[in-house]
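Okay, thanks for coming, everyone. I'll put the structure up, and then we can walk through a few places in it together.

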Amino acid sequence: MTTTLSNATAPNTQDYGGDEISALVLDPGYSVTRGGFAGEDVPKSVIPSFYGIIPSIAGPKYLYGENAVHTPLPNIEVGNPVSQTGVVEDWEAATQLWEYAITSRLTNIKPSNPLTNGLNDKTDDLKQEMEGVEMQERPLEENPLLMTEAGWNTGKGREKPIEIAIENWGAPAFWLARSGVLSAFSAGKPSALVIDVGASSTSITPVHDGIMLKKGTLRCPLAGNHISDQLRLIISTSPTIPLVPHYLINSKTPVDAGAPSQASYRTFQPGTEPGPSFRALQEERVLTEFKESVVAIWNPGRLGGHNQQGGTNLDSARTQNTKSFEMPDGYNQLFGVERYRATESLFDAKMALSDASHPAPTPNQTLPQVIAQSLSQVDVDIRPHLLSNVVVVGGSSLIPGFNERLKQELESMYPGPRVRIFSPGSVVERKFSGWIGGSILASLGTFHQMWISKKEYDEHGPGIVEKRCK
C-alpha cells in the first residue's frame, strides 16, 4: 500500500542527509557541465560536455575533461551526450561524464581495484574481499543532488536522472529543477521572463511566483552555435582568411594585417590523424575566441534597415571602428561590418547567410518572434509584469550590444508596457546563472522538506519526479 505524497512535512534527517551534509548541484549543458556544492558562489567543477573517443580492438575508450578533448591523440573522435536541443540522447555517456564532473573535483575519486592496479602479486585472497565493494564506493552516498533540466525536457528525460543519482551513485535524496526558474531565483525575482542564450539554443521561460509557465516556455534554435555558423560562412567566402585550429600549428612568424600567414604546420603519420569531429571542435574554439573578442550586435535599428540620414545601416557599419583578430597561424585582419553581420540574423532572418549545410532561419525562429510567441501563451494580465522583469543570462548574451538591441526590439513590439532588462554584470554570474540559482535553492533551510528521499524513491519509483518536481 502506497502512502500519499506530501510536502507539508520534512523527511527525516536520515532520508536526505541532514543539515550538516552539503548538497551537490549539477547543471549539465550542451557546451559545459557545471558542478559544485550548494551555498557556494561558483561551481568548482566546470568541464566540457564533449568527451573523447579512442577506438581500439577491445572497444572504444572514453576520455573526459578539458585536456582529454583538446589533445590530438591518434584517431580521436569527439562525442556529446546532449543534443542540440539540450536534451540527453546518450544516457550511458551522460552518466559517465556527470560522474567525472562530480568525482574529479567534488568528491573523492574511487580507489583503483587492487586486483588490477599492479601493486599486488597475489590476488587470490583479495577476490572475496572485493565482492560488493563497487556498491560501497558510490560517489554520492553522503550528498543529496539537485540537477537542472531544460524547460522542454521529456518524461523519460526527467525520470532517468533520479535513477542514475539514487541507484548508480547512491544519493540519499534528489531534486530536479528547471534551469529557467533557477536563473530567475539567481536574479532575485520570483516572476520574470528569463532569456537564456546558450551555445546550442536560446530558452524563453516565463516564470510566475516561482513556477514555470509551461505553455510559454519555448526554445529558439538561434544562439552561440548559430553565430559560429555565420562566421564560418563569412570566412568561407573570403579565400584569404584561413580557419586552421591551434593543434595544427607548429610555429608561426608575425605578418602584417591582410598578408598571407607564414606558419609551419604539424603533420601526422597516415592512420593517426585526429578525426573530423575533433577538428570541428577545435575550429569551434577558434570561432569562440573570435566571438569573444571581435563580434558585436548592431544598434540602433536593424543592420539591413535605413538610418535617420537616409543611408543604410550597412554603410554606417562600414564606418565604425574596426577590431583586429589574429588566427592561430598568424594571419590577422581588421574586421568591420563582419562583426555585426554574424549576429544580425538573431533578430532579422533576412540578414542570415546560408548554404546547403546551414539553411537560413525562418522569420518565426528569430529571437523577437519566439519571445512574442512565448508571451502570447501566457495570461494577458501578467505580460506587463514579465516585460518589466526580463532576465537575460547565458554566455552568448555577453556579446556587446545584446541587451540594448533586445530592449529596442521588445519596445517596438510592445510600445505600451515598460520594458526593463536585468542582466548580471559579472561574467561568472551570467554564464552560471542556472547553477547559482540551484546553489541558492538547495542551501535554503526551508528546502529540506522538498527533497525526494531514497525511501520515497524506493516506494514510488522514478515517476515521483513528475509528481513532485513541477
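I'll start with the overall picture and then go through some strands, a helix pair and a few odd backbone spots.

First thing to keep in mind: this is a predicted model. The average pLDDT for the protein is 89, and 89% of the residues score at least 70. There are weak stretches, though. Over residues 15–19 the pLDDT stays under 50, and the model gives that stretch 13 contacts beyond four places in sequence. Residues 130–135 also sit below 50, with 5 contacts in the model beyond near neighbours in sequence. Where pLDDT is low, the predicted coordinates should not be read in detail.

So what is the protein made of? We've got 18 helices and 19 strands. Of its 470 residues, 50% count as buried. And if you take contacts between residues at least 6 apart in sequence, 69% of them join residues at least 24 apart.

Now let's zoom in on strand S1, residues 24–28. Is S1 largely enclosed or not, and how many of its residues are buried? Well, 4 of its 5 residues are buried, so the rest of the structure largely encloses S1. Look at what pairs with S1. There's S7, residues 145–149, which runs parallel to S1 with 3 bridges; there, Val25 has Leu146 of S7 as its bridge partner. Then there's S2, residues 32–37, antiparallel to S1 over 5 bridges, where Pro28 is partnered with Thr33. S1 and S2 are also joined as a hairpin, through 3 residues.

There's another hairpin further along the chain, made by S15 and S16, with 5 residues between the strands. S15 covers residues 323–326, S16 covers 332–335, and the two are antiparallel, joined by 4 bridges. If you want a landmark, find Ser324, which stands opposite Leu334. In the turn, Gly330 has a positive phi of about 105°.

Okay, helices. How do H7 and H16 cross? H7 is residues 179–186, H16 is residues 433–443, and their axes come within 7 Å and cross at roughly 75°. Angles from 65 to 115 degrees count as roughly perpendicular, so that's what we call H7 relative to H16. On the H7 side the contact uses Ser179, Leu182, Ser183, Phe185 and Ser186, and on the H16 side residues including Ser433, Gly434, Ile436 and Leu441. Sorted by type, the contact residues come to 5 nonpolar, 7 polar and no charged.

Last part: backbone oddities. As a reminder, most residues other than glycine have a negative phi, and most peptide bonds are trans. Here are some exceptions. Asn75 isn't a glycine, yet its phi is positive, about 65°. You'll find Asn75 in the loop between helix H2 and strand S6, partly exposed at a relative accessible area of 33%. Asp209 is another non-glycine with a positive phi, about 55°. Asp209 is in the loop between strands S10 and S11, and at 57% relative accessibility it counts as exposed.

And where's the cis peptide bond? Between Asn299 and Pro300, with omega about -10°. Pro300 lies in the loop between helices H9 and H10.

That's my tour. Happy to rotate the view if anyone wants another look.

Terms used:
Residues are numbered from 1 along each chain as its sequence is written. This is a predicted model: local features need pLDDT of at least 70, side-chain atom pairs count only at pLDDT 80 or more; totals for chains, interfaces and linings use all residues. Side-chain values use heavy atoms; hydrogens and water are left out. Two strands pair if DSSP finds at least two bridges between them. Buried means under 20% relative accessible area, exposed over 50%, partly exposed in between (1.4 Å probe, protein chains only). pLDDT is the predictor's confidence in each residue, from 0 to 100. Contact means heavy atoms within 4.5 Å. Axes are lines fitted to C-alpha atoms, for helices over the stretch in contact, and angles run from 0 to 180 degrees between N-to-C directions. Angles under 35 degrees count as roughly parallel, over 145 as roughly antiparallel, 65 to 115 as roughly perpendicular and the rest as oblique. Ala, Val, Leu, Ile, Met, Phe, Trp, Tyr, Cys and Pro count as nonpolar, Asp, Glu, Lys and Arg as charged, and the others, Gly among them, as polar.
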